[in-house]
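Grab a coffee and open the viewer. Below are a few exercises, each with a worked solution to check yourself against.

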Amino acid sequence: MRFWQKGMINLALNPKVKFFMQTNRSASVFARQFVGARDEDQVIKKSEQLIKKGIRVSFFHLGEYVKNKKKILKTIHSLSCLIKSVGQTDLDNQISIDPTQAGLLHSFSSCRDNLMKLARTIKEKTADSLNGEHFLMLDMEDASVTDDTISLCACLADCGLPVAITFQACLFRTPLDIDLLSGQVKAIRLVKGAFAESSDICLTRKNEIDQQYLCIAKRMMDNIELNHNFCPVFATHDDRLIGLINAYAAKNDIPKDRYEFEMLYGVRTKLQGTLAQNNFKIRVYLPYGKDFWPYAVRRVGENPKNIKFLLKSVLR
Ligand SMILES: Cc1cc2nc3c(=O)[nH]c(=O)nc-3n(C[C@H](O)[C@H](O)[C@H](O)COP(=O)(O)OP(=O)(O)OC[C@H]3O[C@@H](n4cnc5c(N)ncnc54)[C@H](O)[C@@H]3O)c2cc1C
């Protein structure tokens, strides 16, 4: 599985394949499976459809490891526009961003300034919101930027800005990182980890990662007692883990509205619907934009069965 995942990550990073796929009309079938919309107006409409089903949204402007300064500004501008519109409609939506989309490959300070701009806009535009918490969720990329991502999060939190962060259960360091940051942030999103890191820093067996995920999830739930504003976010499609987390919450009298599940757009939509119908808080990570290839092919890396969507589009 790690070999397959590494292969798909390499495919995601190959500029020639990316150019071919993103300029090829038939590839849009593949894109549509995992990408919600091409622009801000369309993605707001999509979020309204999901909200009607009881599913909240986390917007993500497509693009990763961005070096081009114009693209960085475009991402910040697009997300700022979205925050302003979302602030007006007052849906309980959030913004997710990779630090390397906000300029981390250029400098820590330019990335920090861009993230601060977004977080300030969120704070201003949602100040009167009655509908849930609004914050900027930092995604966690590969291990070379973990320290910087944590420092960025701490910088924003120190300035009183609404920020949250993602941690990867597979990394050995994660339990300690969570203990250090959980008092400062509004939410922590726990994922298994999408990067094939070295076994020196990371668990590599699926059963070990699942075990570590559950152990951290329980610690995050225990934190609710200590920090009443803290919201644990469990970003997984693993129904076994979801069942165990809900059982732990029920046993410890933790109400359903004190924690949240989050899944990717286009993945396990039935399970998303079932959780919403049973009054669990469920959010969908909703990517939009034109730079779809790296994002979509990573989904094939996570689940080899998704190769069918790629084959369907290229064999048309
Ligand atoms: C909201 C969200 C945000 C994320 N942010 C980050 C991040 O910032 N950094 C990071 O490293 N990773 C991130 N990830 C990815 C994450 O690390 C995992 O790679 C991914 O979620 C698959 O793990 P899983 O927990 O669903 O469990 P798995 O054990 O991989 O999957 C459980 C079951 O879910 C289904 N499933 C899982 N993935 C897919 C898929 N792509 N297509 C179809 N079915 C699938 C399969 O049926 C599988 O059996 C994020 C994931 C989500 C949901």
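**Exercise 1.** How many of the five residues of strand 5 (residues 187-191) are buried?

*Solution.* A quick reminder before you start: this is a predicted model.

Step 1. Count a residue as buried if 20 or more other C-beta atoms lie within 10 Å of its own.

Step 2. Going through strand 5 that way, you get four of the five residues, so the strand is largely enclosed by the rest of the structure.

**Exercise 2.** Find the strands that pair with strand 5, and work out how the chain gets from strand to strand.

*Solution.*

Step 1. Look at strand 4 (163-168). Strand 4 runs parallel to strand 5, and four bridges join the two. For a concrete pair, pick T166: its bridge partner in strand 5 is R189.

Step 2. Now look at strand 6 (residues 231-235), which is also parallel to strand 5 and joined to it by four bridges. Here L190 stands opposite F234 of strand 6.

Step 3. Trace the connections. Helix 8 (residues 174-181) sits with strands 4 and 5 in a right-handed β-α-β unit. Helix 9 (residues 206-226) does likewise with strands 5 and 6, and that β-α-β unit is right-handed too.

**Exercise 3.** Take helix 4 (residues 40-52) and decide which side faces in and which faces out.

*Solution.*

Step 1. Check the length. With 13 residues, helix 4 reaches 19 Å from first C-alpha to last, close to the 18 Å expected at 1.5 Å a residue.

Step 2. List the buried residues of helix 4: E40, V43, I44, S47 and L50. They cover an arc of only 120° around the axis, which puts them on the same side of the helix.

Step 3. Make sense of the spacing. An α-helix has 3.6 residues a turn, so residues three or four places apart point the same way.

Step 4. Turn to the other side of helix 4, where Q42, K45, Q49 and K52 are exposed.

Step 5. Keep going past the end: just after helix 4, G54 takes a positive phi of about 85°.

**Exercise 4.** Describe the shell around the ligand.

*Solution.*

Step 1. Count the neighbours: 23 residues surround the ligand, and the closest are D139, V191, A194, T236 and H237.

Step 2. Sort them by type. You should end up with nine nonpolar, seven polar and seven charged residues.

Step 3. See where they come from. Strand 4, strand 7 (260-264) and helix 12 (293-302) each supply at least two shell residues. Strand 7 has the largest share, with three residues.

Conventions. Residues numbered from 1 in each chain as written. Predicted model: local features only at pLDDT ≥ 70, side-chain atom pairs only at ≥ 80, totals over all residues. Expected span 1.5 Å × (residues − 1). Buried ≥ 20, exposed ≤ 12 C-beta atoms within 10 Å, placed from the backbone. Arc of directions from axis to C-beta. Near = placed C-beta within 6 Å. Nonpolar A, V, L, I, M, F, W, Y, C, P; charged D, E, K, R; others polar. Pairing = 2+ DSSP bridges. Right-handed = clockwise from strand over helix to strand, strands pointing away.
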